[in-house]
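Reader: I've just opened my first protein model and I'm not sure where to start. Could you walk me through it?

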Amino acid sequence: SSYYENYHSLREIYFWMEEMVKTHSDLLQKIYIGSSYEKRPLYVLKISRRQEKVKSAIWIDCGIHAREWISSAFCLCFPGVLQTTYLRERDQTMSTLLEHFDFYIMPVVNVDGYEYTWSHPSKRLWRKSRSSHGNSKCIGTDMNRNFDAQWCGEGASSYECREIYCGPYPESEPEVRAVARFLRNHKDIIKAYITMHSYSQMVLFPYSYTTNKIMCCSFQESLANKAKTRALVSANCYFFSLPYIDLAPGGSDDWAYDLGIKYSFTFELRDTGTYGFLLPPQEIKPTCLEALAAVKEIAKHILQNL
Ligand code: 0X9
Ligand code: ZN
């Protein structure tokens, strides 16, 4: 099986990024955006057909939650697919999209947590960062409760030991701060914010911090229909939906939306619970292809409505 049909350790991912930018220096750049709590570098890959003009961009991040390995697998396979379909076979949609958009891909946001799930087999289901603040009893902040969007309101916890701990203050996590700073600095060109999570096979849109439905529903419906008929290459259904009945403030999607990025989505990739976070490697490729198809649909929609 190919590189993209397996999960990879952080070491391998760093190495892969290095190799990718070396091999495709005409198309890929690696941007350092900061360092983690445990001082690991945070990188974003910029995919860009070198052109004179400043282009619009689409941001995709992966691995906000440590245990959601399929998320980072997506962020690796996207450039991988590009390498084959765009460069070799001249995929028409992809060429068109690359003519108009740059892509910013961040393969692992929560590098410390990801490493922890790999190096401590008994901690495979770790979710949070690995930071410790003050003399807190427990380690880790939920990065998807740490963004400055109704931070630590109902649906997050101010207790350090909870899985949904919001941290001591908004952007207390250096990884969250790095992402937020990058998005703030590029908010005029970034037209879509997409964040990959797992699991449940849904595409969520703001808000999660209030029950107000802001992006609902015509765009979502048309996209959902397209997704059903075209985008989803497998039989798997992704439902577009408002997140939950339960509130979940401090999330990156809501924050990006309020920053002014009107197309803001959280993808919950496969599966629906059979394997959950322990999704078998055989499912990486189909998951990647169906999510990629949905990303393309979003990009096409934005292009038509720029
Ligand atoms: O609760 C989350 O952070 C996400 N689900 S997960 O199972 N991957 O943890 C959903 C995020 C939805 N968006 C916001 N809460 N803003
Ligand atoms: Zn998640």
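Reader: Let's start with two helices. At what angle do the axes of helix α2 and helix α8 cross?

Author: Keep in mind that this is a predicted model. Look for α2 at residues 69-86 and α8 at residues 284-304. Their axes come within 9 Å. That crossing makes α2 roughly perpendicular to α8, and the angle is roughly 70°.

Reader: How many of the residues in the contact of α2 with α8 are charged?

Author: On the α2 side you'll find Ile70, Ala73, Phe74, Cys77, Phe78 and Val81, and they meet Ile284, Thr287, Cys288, Ala291 and Leu292 in α8. Sorted by class, the residues of this contact include 10 nonpolar and one polar. The number of charged ones is no mystery then: there are no charged residues.

Reader: Okay, on to strands. Which residue in β2 is the bridge partner of Tyr32?

Author: Strand β1 covers residues 28-35 and strand β2 covers residues 41-47, and they pair in the antiparallel sense over seven bridges. The two form a hairpin with five residues between them. Follow Tyr32 across to β2 and its bridge partner is Tyr43.

Reader: And which residue in the turn of that hairpin has a positive phi?

Author: The turn belongs to the hairpin of β1 and β2. The phi you're after is about 70°, and the residue is Lys39.

Reader: There's a ligand in there too. How many residues surround ligand 1?

Author: The closest are Asn144, His197, Ser208, Ala248 and Gly251. Both α7 (252-259) and β8 (263-269) supply at least two residues each to the shell. By class, the shell has three nonpolar, six polar and four charged residues. The whole set around ligand 1 comes to 13 residues.

Reader: Is Glu283 buried, exposed or partly exposed, and why?

Author: Find Glu283 in the loop between β8 and α8. Leaving aside neighbours within four places in sequence, Glu283 touches Arg270 and Asp271 in contact terms. A residue needs 20 or more other C-beta atoms within 10 Å to be buried, and 12 or fewer to be exposed. Glu283 has 19, so this residue is partly exposed.

Reader: How far is the C-alpha atom of Glu283 from that of Gly167?

Author: Along the chain, Glu283 and Gly167 are 116 residues apart. In space, their C-alpha atoms are separated by 33 Å.

Reader: I've heard about cis peptide bonds. Which residue is joined to Tyr199 by one?

Author: Tyr199 is in the loop between β5 (190-198) and β6 (202-204). Another cis peptide bond joins Pro206 and Tyr207, with omega about 0°, and Tyr207 lies in the loop between β6 and α6 (218-231). For the bond at Tyr199, omega is about -5° and the residue joined to Tyr199 is Ser198.

Reader: What is the phi of Cys152?

Author: Cys152 is found in the loop between α4 (111-119) and α5 (174-185). Glu171 lies in the loop between α4 and α5 as well, and has a positive phi of about 60° although it is not a glycine. Cys152 isn't a glycine either, and its phi is positive, near 60°.

Reader: Last one: what percentage of the residues in the protein are buried?

Author: The protein has eight helices and eight strands. Of the contacts with a separation of 6 or more, 75% are between residues 24 or more positions apart. Among the 306 residues of the protein, the buried share is 47%.

Definitions and conventions. Residues are numbered from 1 along each chain as its sequence is written. Chains are lettered from A and ligands numbered from 1 in the order in which they are written. This is a predicted model: local features need pLDDT of at least 70, side-chain atom pairs count only at pLDDT 80 or more; totals for chains, interfaces and linings use all residues. Two strands pair if DSSP finds at least two bridges between them. Helices (H or I, at least four residues) and strands (E, at least two) are DSSP runs, numbered from the N terminus. Axes are lines fitted to C-alpha atoms, for helices over the stretch in contact, and angles run from 0 to 180 degrees between N-to-C directions. Angles under 35 degrees count as roughly parallel, over 145 as roughly antiparallel, 65 to 115 as roughly perpendicular and the rest as oblique. Two residues are in contact if their C-beta atoms, placed from the backbone, lie within 7 Å. Ala, Val, Leu, Ile, Met, Phe, Trp, Tyr, Cys and Pro count as nonpolar, Asp, Glu, Lys and Arg as charged, and the others, Gly among them, as polar. A residue is near a molecule or strand if its C-beta atom, placed from the backbone, lies within 6 Å of it.
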